[in-house]
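Student: I have a structure open and would like to take a close look at one residue in it. Could you start there and then place it in the whole chain for me?
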Amino acid sequence: MAGRERVGPPTLEEVAALAGVGRGTVSRVVNNAPGVKEATRLLVQQAIDRLGYVPNRAARALAASRADAVALVIPESTRRFFAEPFFSDIVHGVGAALADADVQLLLTLVRGDKERQRFVQYARAGRVDGVLLVSVHDDEPLPDMLAEVEVPTVLSGRRRGDESVSYVDSDNAGGARAAVRHLVATGRRRIATIAGPADMYGARCRLRGYREEVRAAFGEADPALTAFGDFTEESGRRATRELLARCPDLDAVFAASDVMAAGALHELRAAGRRVPRDVAVVGFDDSQVARHTDPPLTTVRQPVEEMGREMARVLLEAVGAEGAAAWRHVVLRTELVVRASG
């Protein structure tokens with residue numbers, strides 16, 4: 001055979017190149033997951049057979065070695081991690097589920113390419129049995145990097161509608177629709193929204209739910225009534241100032257997180273607007289923040305601790321499976337909690 005001799009076993013990337021598909025498609029076929037056309041599945045299987053590709057996880061199963069540890073990875077800044085109650089609630093739920101299974105939890109913040117590469121090597125070396133990944137943006141490559149080295153991974157939320165990794169999410173669009181429906185039912189007519197980051201699928205779903213319900217009630221949503229934040233309180237304040245400048249007649253604000261809603265309350269008070277008499281405010285999460293604002297926030301409750309527990313359960317099932325485990329996609333219900341803010 002001409003050319004250089006192979007060094008090491010064939011990789012998932014080589015299978016993808018030979019089959020003419022993405023590595024995510026190969027991973028779907030290897031994991032026997034749905035969503036792959038039969039013709040594509042056949043191409044991938046032929047490439048696997050031709051190269052003699054064997055998933056790394058099968059070799060690890062033969063060795064029967066386990067680290068009895070799981071990594072919870074958050075690709076966000078330290079400042080955001082400590083500022084948002086969402087993260088502490090996730091950690092609490094994950095920790096409770098893993099404690100029952102006698103598995104150690106390792107918390108890791110990944111804030112750049114160097115830390116990302118270092119963590120993948122750490123996981124690939126068998127230091128952890130699997131990874132729980134929280135707060136993923138559209139361009140986050142870590143799930144695909146972990147899939148390539150065959151490390152079981154579960155996301156909190158997802159990067160896109162056809163996510164190719166196991167995830168546990170909440171009904172973001174449905175929760176937003178419920179929030180706007182409530183505001184319409186209480187007589188609000190100029191309903192603004194503070195949307196989350198445009199590069200996060202969950203935030204886009206909440207924006208979509210807002211627009212769908214506004215359209216159902218009043219026709220197409222006014223673009224001037226939408227401002228964007230990044231889930232921080234300061235971004236909620238800034239977005240509220242923008243909305244008031246553009247639409248001084250607004251009578252309600254739906255914020256895509258409780259923390260941004262708290263920023264909205266601050267700016268509305270500074271502008272002399274009474275809540276809820278002049279402007280109603282609804283948040284999203286039902287975090288501790290919602291119960292301690294003045295007035296307490298009406299909000300959409302997503303079961304964050306339950307999400308954490310379910311993520312851990314899904315991951316432990318994948319770690320304990322013989323051979324490749326099929327991906328699992330879990331979406332939990334949300335619920336509107338009515339308090340004094342609107």
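Does alanine 318 count as buried or exposed, and what is its relative accessibility?

Tutor: Alanine 318 counts as buried, because its relative accessibility is 17% and the limit for that class is under 20%. Please keep in mind that this is a predicted model. The residue belongs to helix H14, which runs over residues 304–320. Its C-alpha lies 6.5 Å from that of proline 152, although 166 residues separate the two in sequence.

That long-range pairing leads on to the chain in general. Of the contacts with a separation of 6 or more, 73% join residues at least 24 positions apart. The chain has 342 residues, and 51% of them are buried. It holds 14 helices and twelve strands, and its C-alpha trace spans about 80 × 40 × 30 Å along the principal axes. About 15900 Å² of the chain is exposed, with 50% of that area supplied by carbon and sulfur atoms. As for charge, there are 46 positive and 47 negative side chains, and the centres of the two sets lie 2 Å apart.

Now to the interior. The largest nonpolar core contains 41 residues, and those with the most contacts inside it are Leu183, Ile194, Tyr210, Leu250, Phe254 and Val281. The elements that each give two or more residues to this core are H9, E6, H10, H11 (233–246), E8, H12 and E9. H12 gives the most, with five residues. Another core lies apart from this one; it has 25 residues, including Leu98, Leu109, Val154 and Val330. To see one of the best-connected members up close, try leucine 183: beyond its neighbours within four places in sequence, it is in contact with Arg188, Ile191, Ala252, Phe254, Ala280 and Val282.

Helix H10 is a good element to follow next. Its 18 residues, 201–218, should span 26 Å at 1.5 Å a residue, and the end C-alpha atoms are 25 Å apart, so the two values agree. The buried residues of H10 are Tyr201, Gly202, Ala203, Cys205, Arg206, Leu207, Gly209, Tyr210, Glu213 and Val214. A general point helps when you read such a list: an α-helix has 3.6 residues a turn, so residues three or four places apart point the same way. In H10, the buried residues pack against helix H9 (172–185) and against strands E6 (191–195), E7 (226–228), E8 (252–255) and E9 (280–285). Just past the end of H10, glycine 219 takes a positive phi of about 100°.

Backbone geometry deserves a tour of its own. Most residues other than glycine have a negative phi, and most peptide bonds are trans. Against that background, look at aspartate 68, where phi is positive, near 55°. Aspartate 68 sits in the loop between helix H4 (56–63) and strand E1 (69–74), and its relative accessibility of 46% makes it partly exposed. Aspartate 286 also has a positive phi, near 60°, and is found in the loop between E9 and H13. With a relative accessibility of 9%, aspartate 286 counts as buried.

Serine 287 has its place in the loop between E9 and H13 too. Since its relative accessibility is 4%, serine 287 is classed as buried. Leaving out residues up to four places away in sequence, serine 287 touches Pro85 and Asp258.

There are cis peptide bonds to inspect as well. One joins valine 275 and proline 276, with omega at about 10°; proline 276 is in the loop between helix H12 (258–270) and E9. Another runs from aspartate 294 to proline 295, with omega near 0°. Proline 295 lies in the loop between helix H13 (288–292) and strand E10 (298–301).

Finally, turn to tyrosine 53, in the loop between helix H3 (38–51) and H4. Tyrosine 53 counts as buried because its relative accessibility is 7%. Its C-alpha is separated by 7.5 Å from that of valine 15, which is 38 residues away along the chain. Apart from residues up to four places away in sequence, tyrosine 53 touches Pro10, Thr11, Leu12, Val15, Val30, Ile48 and Glu150.

How values were computed
Residues numbered from 1 in each chain as written. Predicted model: local features only at pLDDT ≥ 70, side-chain atom pairs only at ≥ 80, totals over all residues. Heavy atoms only, no water. Helix = DSSP H or I, 4+ residues; strand = E, 2+ residues; numbered from the N terminus. Expected span 1.5 Å × (residues − 1). Buried < 20%, exposed > 50% of the residue type's maximum accessible area, 1.4 Å probe, protein only. Contact = heavy atoms within 4.5 Å. Areas by Shrake-Rupley, 256 points an atom, 1.4 Å probe, with all protein chains shown as cover. Lys, Arg positive; Asp, Glu negative; His and termini not counted. Charge placed at Lys NZ, Arg CZ, Asp CG, Glu CD. Core = buried A, V, L, I, M, F, W, Y, C linked by side-chain atoms within 4.5 Å.
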